Every structure is written in structure tokens, then in C-alpha cells.
Amino acid sequence: MFNQFRNKFPITDEKWYEYISYFNRIEVSTKTVLIDEGEVSKKLFIIEKGCVRVWFNNNGKDLTSQFFFENQSVASIESFIKKFPSPVVVETIEPSVLWWIHKNDLDKIIEEIKEIPQLRDKLIDMLFQRTFDYMKHFFSFIKDSPTQRYLNLIEEKPQIVQRVPQHYIASYLGVSTVHLSRIKSQLLQKK
């Protein structure tokens, strides 16, 4: 899993092997809760295989905020960094192979690599990309119709449309599954 990333990090082989030794591999089934709402997140996951969604409960209705796939990291970032109870649930939606690292171990790595500008910049870019994705999704709810949000999803993130069950896509778009079916029917009729 980690070999594909090796040439992206300008550190010695010794340090590389030390850092990857902190990760633990697990295989989990569909609907495995990795982090529960209200739990303080102490693990960050990297997905080798599978799909993970992040969602929260809004008055008994679950709303999906993000999906993650192979080679992406996922956690309840707010909880992981600030050590407060997670506002979200992190759950697999496919059988998955994951690598996890405990916060204490990741903190050790970050402390060491923050003196290496190239590595520090990669970490900052990763965090800003996630924030950018949140903001883009949020603004889409304000300015775009559900149909436009679905069209954006098809264009920008086709992997979600191909791999994620329809009820989770509907939740992500902020519509019911019936409304999503109508949107899809209307788009088919226009073709």
C-alpha cells in the first residue's frame, strides 16, 4: 500500500519504515462504524480499498457530507485535531481494507516533519483541500438547484455516482430518494 507514496516523501528509508510501522491494517465489512458521533477521534484512516462516508444525524435523518475512496485519508478531522466529541459518523459503505494510525503516533511524525518544508506543505495542502471540498459542497446547497448539484456530481465526482448506493447520494445532495429518481428521469428524457 505505502510503496506507491514512497517517492513523494524526501526522507531516509529508515525514517520511512519507522513512520509506516505506526500504521495498522484492518479489513472491515460494509456499514462498519469507524468513528461514532460523540466519540473523540483518536485514529486517522487511509483507504487501501473501499469506500467510506461521513454523515451526521439531523433530527433522526442522516445527512452525508463526504465520501472517501482509495488512497484518501479520512477521520473526524475536527475531533481528531481538537480532541472534542465527533459531530459526525465515519462509516464504510463497501467492504474495505484500511490502514489506521493513532493520533499520538501521527503527532510524533508531524512534529518531526514540520521542519521539512516539502512535507509540511503536503500536509497543509491536504488539510486545505478538505476544507475547500466542504466549502464547495456548502456553497452548492445555497446557489444550486438539486438538479444542478446532481449534474455537478456526475461531472466532478463520477466515482460517487458509479459506486455509492442511491440513498446515500440522495442524502449527500440533500434530497429524498424519490426526488433523486425524478431528477434522473428528467435528465434521461432531455437526452
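Trainee: Helices (H or I, at least four residues) and strands (E, at least two) are DSSP runs, numbered from the N terminus; which helix does H137 lie in?
Mentor: H137 belongs to helix 4, which covers residues 117–143. Bear in mind that this is a predicted model, where local features need pLDDT of at least 70 and side-chain atom pairs count only at pLDDT 80 or more, while totals for chains, interfaces and linings use all residues. Residues are numbered from 1 along each chain as its sequence is written, and side-chain values use heavy atoms, with hydrogens and water left out.

Trainee: Okay, and is H137 buried or exposed?
Mentor: H137 is buried, with a relative accessible area of 16%. Buried means under 20% relative accessible area, exposed means over 50%, and partly exposed lies in between, using a 1.4 Å probe and protein chains only.

Trainee: What is H137 in contact with, if we leave aside its neighbours within four places in sequence?
Mentor: Apart from those neighbours, H137 is in contact with T64, S65 and Y172, where contact means heavy atoms within 4.5 Å.

Trainee: Y172 is in helix 7, I think. Which residues of helix 7 are buried?
Mentor: They are Y168, I169, A170, S171, Y172 and L173. That makes 6 of the 8 residues of helix 7 (residues 166–173), so this helix is largely enclosed by the rest of the structure. Helix 7 is followed by G174, whose phi is positive, near 80°.

Trainee: Which strands does helix 7 lie across?
Mentor: Helix 7 lies across strand 4 and strand 5, and it runs at about 95° to strand 5. For such values, axes are lines fitted to C-alpha atoms, for helices over the stretch in contact, and angles run from 0 to 180 degrees between N-to-C directions.

Trainee: What is the strand order in the open sheet that holds strand 4 and strand 5?
Mentor: That open sheet has 4 strands in the order 2-7-4-5, with antiparallel pairing. Its edge strands are strand 2 (33–35) and strand 5 (61–68), each pairing on one side only, and the twist averages 35° from one strand to the next. Two strands pair if DSSP finds at least two bridges between them. Strand 4 (residues 52–58) and strand 7 (residues 89–92), for example, run antiparallel and are joined by 4 bridges, with T92 in strand 7 as the bridge partner of V52.

Trainee: Where is G60 found, then?
Mentor: G60 sits in the loop between strand 4 and strand 5, and G60 is exposed, with a relative accessible area of 67%.

Trainee: New topic: what order do the strands have in the sheet that includes strand 8?
Mentor: The order there is 1-8-3-6, again an open sheet of 4 strands with antiparallel pairing. Strand 1 (24–28) and strand 6 (73–74) stand at the edges with a single partner strand each, so one side of each is left without a neighbour in the sheet.

Trainee: How many bridges join strand 3 to strand 8?
Mentor: There are 6 bridges between these antiparallel strands, and L98 in strand 8 is the bridge partner of I47. Strand 3 (residues 43–49) is also joined to strand 6 by 2 bridges, with the two strands running antiparallel, and here F45 has V74 as its bridge partner.

Trainee: Which helix lies across strand 3 and strand 8?
Mentor: That is helix 3 (residues 103–113), which runs at about 70° to strand 8 (96–102).

Trainee: Which lysine lies over the face of W100?
Mentor: K43 does, at 4.1 Å from the ring centre, and the charged end of K103 sits over the ring of F80, 5.4 Å from its centre. A charge sits over a ring if NZ of Lys or CZ of Arg is within 6 Å of the ring centre and within 35 degrees of the ring normal.

Trainee: Last one: how many helices and strands are in the protein?
Mentor: The protein has 8 helices and 8 strands, and buried residues make up 39% of its 191 residues. Its C-alpha atoms fill a box of roughly 60 × 35 × 30 Å, taken along the principal axes. Among contacts between residues at least 6 apart in sequence, 70% join residues at least 24 apart.
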